[in-house]
Amino acid sequence: MTHEEAGQLAMALMKAHGVHAAGWRFAWSRGKRQLGSAQVRRRRVAGTGKIIETKTITLSRHLVALNGDEEVRETILHEIAHAIAGVRNGHNEIWKAACRRVGARPVRLAGEEVQTVQGRYIMYCPGCDRELGRRHRRMRSEMLARTFCRACGKASKGKLVLKLAEN
């Protein structure tokens, strides 16, 4: 699915389920781990004290390009259910009922079929010679010094290495 098609699908589904009329807008994100999100941001206008809400459903540009039509459609419906149920309801029963109403699967996380972008950096434990995970950004040195390998225990604290992936 192209970005243009995904954007058009998002707007069509938002209009069909009434969230666009309720003030929700669509935007693209640069996320590499989260395919979609529904957010409500509140800010107070200086001087008047009036509170303005910005309600946005986002899709990741990176992940839409990696995933198929069905995963993108399912994500859009998942986020529309958040908009209907209220973002503060998280993934509770109210949200699950909204999912069933819009035709989305009432599950918190997408399955293994959803592709994500691999991180540029690998956290590595020299003690047990294992890769502990990938990260998109470098960790600050003081944060890396506090992190330890669960297999090796606290003895590995301060000994983990962050190296650039070879891809």
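This report looks at the nonpolar cores, helix 3 and Glu 71 in a predicted model.

## Ground rules

Residue numbers start from 1 along each chain as its sequence is written, and side-chain values use heavy atoms, with hydrogens and water left out. Because the model is predicted, local features need pLDDT of at least 70 and side-chain atom pairs count only at pLDDT 80 or more, while totals for chains, interfaces and linings use all residues.

## The cores

The largest nonpolar core (buried Ala, Val, Leu, Ile, Met, Phe, Trp, Tyr and Cys joined through side-chain atoms within 4.5 Å) has 27 residues. Buried here means under 20% relative accessible area with a 1.4 Å probe, protein chains only. Among the members touching the most others are Trp 24 and Ile 76. Helix 3 (69–85) chips in at least two residues, as do helix 1 (3–16) and strand 3 (51–60), among others; its share, 7 residues, is the largest. Helices are DSSP runs of H or I, at least four residues, and strands are E runs of at least two, numbered from the N terminus.

Skipping neighbours within four places in sequence, Ile 76 is in contact (heavy atoms within 4.5 Å) with Ala 6, Leu 9, Ala 10, Leu 13 and Leu 59. There's also a second, separate core of 8 residues, including Met 123 and Leu 162.

## Helix 3 and Glu 71

Of the 17 residues in helix 3, 13 are buried, so the helix is largely enclosed by the rest of the structure. Just after helix 3, Gly 86 takes a positive phi of about 100°.

Glu 71 sits in helix 3. Leaving out residues up to four places away in sequence, Glu 71 touches Leu 35, Glu 113 and Val 114. A polar atom of its side chain lies 3.2 Å from the backbone nitrogen of Gly 68.

How values were computed. Buried < 20%, exposed > 50% of the residue type's maximum accessible area, 1.4 Å probe, protein only. Polar contact = N/O pair within 3.5 Å; in protein donor to acceptor, adjacent residues only side chain to side chain.
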